[in-house]
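Biologist: Could you take a close look at the disulfides of this chain and at what surrounds them? I would like one connected account rather than a list.

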Amino acid sequence: MMDSFIVAALAVCSLTAPACGDKGTSKARSCSDIRQFYSGKGFALDGVPQSEISGEHLRICSQGYTCCTSDMEDNLATQSRREMEGLLKEAGRTLQTSLMGQYKAFDGYFLDVLNRSAIHLQETFLATYGLMYSQNSEVFSDLYNDLRHYYRGSNVNLEEALNEFWAKLLEKLFQANQQFYIGEDYLECVSKQIETLRPFGDTPRVMKTAVTRTFVAARSFVQGLVTSGEVVRKVSQVQLTPNCMRAMMKMTYCPHCRGVASARPCANYCSNVMKGCLANQADLDTEWKHLAETLIEVAGRFDGPSGVDAVVLSLPIRISEAMLTMSENMQTINSKLFQACGNVKEGRSGSTGTVKGGDMGTVENTMGTSPDKMVKLVSDVTARLRDMQPYWVTLPGMLCSDRVATGTGAEDKCWNGMSRARYLPEVLGDGLASQISNPEVEIDITKPDMKIRQQIMQLKIMTHRLRNALNGQDVDFQDTSDDVSGSGSGMCADNVCSREARPVVPVTNRPTYYDNPPENKKVKSSNGSQNLPSITVYLLPLLVLLLRR
């Protein structure tokens, strides 16, 4: 009986070697491959085993026989996070480049149209009005400077700038048609009569409506592109969580530790890992799509009969028509002005000169417009914005596309996190709330990433402003910092809350068309110090917006 027991025990040991008996009788697997791989990653080979060792020390990879020590596991886990964050930044840079390309294309064209309009006015008015224009050219250059500054995001009130232009023009034209010197007080009285007299006919009202809609839309559009790029940049810099790092290590480098380096992750396995790691990023999807859709809607306003070309290039003609209207009614205007402000000099008679209007031609004939270029710009930007709409929910698939197992039978031979075998769990949905049962990445869905929540709020704010722009309502871009929560919210790094500057739109090199333009007192330098209003000022409109949604 005893002999039979001994024979049976020896048989079991022979089947389970090297777990029983003398381990030296079974040769352990060499670790030469992972030593070479590990060294290629820039790590020293000190302490790296020559052959497999028991894996009870491992905390991420499965604890079977392994070629990885605890230090190697830690180093490779950190490496996996670093590589993943690098991929996220690279994907973000690609999207940023696309957005910047659309911004530069539109910005360059818009400024070119504005500059061509200014040059056309300068050349035609000089030929048409001669000395009268030369002596008062700053009135017109101030208008174009105000328009340019407004488009660039400066604190210019567009309606006030247009009203001031017409008031100054009335003063200059009235003064040019009088024989005697007119004092500042009298000219101030003249400018105050502009709404009552309507010396320029209906042109100021029509031009204000067209210019306001066009410039508000253009400014909000480029700011929307800039904001989109900033959101991508900041979200791409958010660090991955420790639990994500563990999941990335398990998927990426644990196969090397197990001696199956050639095994590629199962497709569904990779999807669950990425969806878990990028759960907060996926929550950008809704507001990101809203912003893209609104940008497309705004871009649709830029071509056609009331688009950028038609409005901006027609400014010289509209202004000339208004001046001619005043010239034709100068006697009536003088009479009403003398009645309201008093005579310039006792006993003087009527006006002695009038503004002679010349043939300004049409926008198309005089400026060689190319509406097809704006149509192409709108078409291109619309296509790009549509392409980028699903970016945040397709990002996990993009990152998995180059690393998962493919081909015949891949589902049964891929790496599932433990071994080469089929991955059984189902693929989860997108977003933080869907990850409550993620089998690969442990996530607390009650604690969203606050840096990403800030960017979601920025998208909402920008979309709201674009909606206002579609209705022709002026918008203020002076305060677009991320610190919407105020200090003390726990959302600031290193206990320092700093107000970031508004995204600065890059200024392209372009010629200056007016010599020594006067200082524009309405334009406030963004570099100067400012008294920052209470945080309540920012939170109230946001609260109203959220309640409406």
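**The disulfides and their surroundings**

Modeller: Cys-341 is buried, because its relative accessible area is 17%, under the 20% that serves as the cut-off. This is a predicted model, and in it Cys-341 is joined to Cys-189 by a disulfide with an S to S distance of 2.0 Å. The torsion about that S-S bond is about -90°, so the link between Cys-189 and Cys-341 is left-handed. Cys-189 sits in helix H7 (residues 184-192) and Cys-341 in helix H17 (residues 330-341), and the pair thus connects distant parts of the chain, 152 residues apart. Counted by the distance between cysteine sulfur atoms, the disulfides come to 7, and two others deserve the same care.

One of them is formed by Cys-266 and Cys-414, whose sulfur atoms are 1.9 Å apart. With 90° about the S-S bond, the link of Cys-266 and Cys-414 is right-handed. Cys-266 lies in the loop between helix H11 (254-257) and helix H12 (267-277), while Cys-414 lies in the loop between H21 and H22, so this disulfide ties together parts that are 148 residues apart in sequence. Cys-266 and Cys-414 are both buried.

The other one joins Cys-270 to Cys-400, with an S to S distance of 2.0 Å. Its torsion of -95° about the S-S bond makes the link of Cys-270 and Cys-400 left-handed. Here too the pair links distant parts of the chain, for Cys-270 belongs to helix H12 and Cys-400 to helix H20 (residues 391-400), 130 residues apart. Cys-270 is buried, and Cys-400 is buried as well.

The loop between H21 and H22, which holds Cys-414, also holds Gly-417, and its flanking helices span residues 410-413 for H21 and 450-470 for H22. Gly-417 counts as buried because its relative accessibility is 3%. Once its neighbours within four places in sequence are left aside, Gly-417 is in contact with Lys-250 and Tyr-269. The C-alpha atom of Gly-417 is separated by 8.1 Å from that of Pro-255, although these two residues are 162 residues apart along the chain.

To return to the whole set, the count of disulfides is 7, and the three described here include two left-handed links, that of Cys-189 with Cys-341 and that of Cys-270 with Cys-400, alongside the right-handed link of Cys-266 with Cys-414.

Technical notes: Residues numbered from 1 in each chain as written. Predicted model: local features only at pLDDT ≥ 70, side-chain atom pairs only at ≥ 80, totals over all residues. Heavy atoms only, no water. Helix = DSSP H or I, 4+ residues; strand = E, 2+ residues; numbered from the N terminus. Buried < 20%, exposed > 50% of the residue type's maximum accessible area, 1.4 Å probe, protein only. Contact = heavy atoms within 4.5 Å. Disulfide = S-S within 2.5 Å.
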